[in-house]
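Grab a coffee and work through these exercises with the model open beside you. Try each task before reading its solution.

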Amino acid sequence: MIHVAVLGYGTVGSGVVEVIETNKEAIDKRSAANLNIKYILDLRDFPGDPYENKVVHEYDIILNDPEVAIICETMGGLHPAYEFSKQALLAGKSVCTSNKELVASHGPELIRIARENHCNYLFEASVGGGIPIIRPLNYSLTAEKIDSITGILNGTTNYILTKMDKEGADFEEVLKEAQDKGYAERNPEADVEGYDACRKIAILSSLMCGKNVGYEEIYTEGITKISSRDFLYAKQMDKSIKLLAMSRDREDGFFAMVAPFLIPRSHPLYSVNGVFNAVYVHGNMLGDSMYYGRGAGKLPTASAVVSDVVDCARHLGKTVMCFWENEDVRVADIETDQGKYFVRVDNGQREAVMEAFGALAEISVGISEEFAFITQVMTEREFNEKIKKAGGCINRIRMLSA
Ligand code: HSE
């Protein structure tokens, strides 16, 4: 029997218990062991819950129990999740987590401690919820040099942008509806400002490089400036607007960013709608591959945590390889990135724009007070200089090439 403890009996923690109990037979078979949930750590009591007798309030009970071999950290937040995870690994107990904030901040250190103590720190659920993406990057695409990753990594913003696209609604209106339905948090900042997607692409980028890509280094722009008018123009161009998180292994260095992009109908990410996530990976031998599914929610996320529990059970006393060294990767400045831009300005700026940008393609949807256009390919630095010369803009959105 392998004893498991769950830290935090919230949405994901209770999902972990449900997944292990619902699929017990298959999970035990695949683990080649009988998995037993011995403890659930939470500050609260759960009278009437079938697992109420497993609930403990002191972490030391779990830490000091030599029978506990695997810990699921589903508490979220940095503290005390960091201290609890570190103590568990130092005691030789494997940790499986859904905590993207902690993985993005302390991943290489916790992986190293796991290696030194012959156990595992696994984090499949930290990116893309239930979508297998960490394991493919670690174990499956090992013959590839991965040169780019482009992901829709946040379900809340994808839900909002999809609604704006399909219903012509404005950002604030859809956000409120999403909050009322419980899809978006009451404090939606981490999602709508792109911070959540930034943590997730930092994790994927680190696995892509085998070194540490700090999330603080990644240029991040959210979706709060996207309006229903932007979608009118997007439709006219047969495109949609998605919050993309991307990393590129460019000739001049490594680059990563999070921002809304106009994407063409022909791109596989165009059809990723609602709360779904997808990760589009390009390898130098395989070419393109895409990983798609539910990026959030109780059971999808818990399923990914439990897949790590099975991996730990199969490798008790051994560390499965994860290439994420502590050495920091320098992320190229956003000003060096190149692309085309969709831009909206006041109609009165038309001449100034023509003078600053030269060749451009006008996009018209019959809004007389505006002039909208697509630029030529240029760097962010060039774009910023030209748009400043032209007197600024109402909005600009980067364009993803097909
Ligand atoms: N807030 C996140 C999202 C939850 O909307 O995708 C999953 O990490």
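## Domains first

The protein chain splits into domain 1 (2-129 + 298-314), domain 2 (136-294) and domain 3 (335-399), with bounds from an automatic or database domain assignment. This is a predicted model, where local features need pLDDT of at least 70 and side-chain atom pairs count only at pLDDT 80 or more, while totals for chains, interfaces and linings use all residues. Residues are numbered from 1 along each chain as its sequence is written, and side-chain values use heavy atoms, with hydrogens and water left out.

**Exercise 1.** Find how far apart the C-alpha centres of domain 1 and domain 3 lie.

*Solution.* Take the C-alpha centre of each of the two domains; domain 1 and domain 3 come out 50 Å apart.

## Around the ligand

**Exercise 2.** List the residues that surround the ligand, then sort the shell by class.

*Solution.* Step one: pick residues with a heavy atom within 4 Å of the ligand. That gives Lys100, Asn154, Gly155, Thr156, Asp191, Asp196, Lys200, Gly295 and Ala296. Step two: sort them into 1 nonpolar, 4 polar and 4 charged residues. Here Ala, Val, Leu, Ile, Met, Phe, Trp, Tyr, Cys and Pro count as nonpolar, Asp, Glu, Lys and Arg as charged, and the others, Gly among them, as polar.

**Exercise 3.** Look for N or O atoms of the protein beside oxygen atoms of the ligand, and work out how much of the ligand the protein buries.

*Solution.* Start with glycine 155: a polar backbone atom lies 2.7 Å from a ligand oxygen. Next, an N or O atom in the side chain of lysine 200 is 2.8 Å from an oxygen of the ligand. Then asparagine 154 puts a polar side-chain atom 3.5 Å from a ligand oxygen. Finally, the ligand alone exposes 250 Å², and the protein buries 80% of that (Shrake-Rupley method, 1.4 Å probe).

## Two backbone spots

**Exercise 4.** Which residues does a cis peptide bond join, and where is alanine 32?

*Solution.* The cis bond joins histidine 79 and proline 80, with omega about 10°. Now for alanine 32: look in the loop between α2 (24-31) and β2 (35-41), both being DSSP runs (helices H or I, at least four residues; strands E, at least two) numbered from the N terminus. Phi of alanine 32 is near 55°, a positive value in a residue other than glycine.

Note on methods. Polar contact = N/O pair within 3.5 Å; in protein donor to acceptor, adjacent residues only side chain to side chain.
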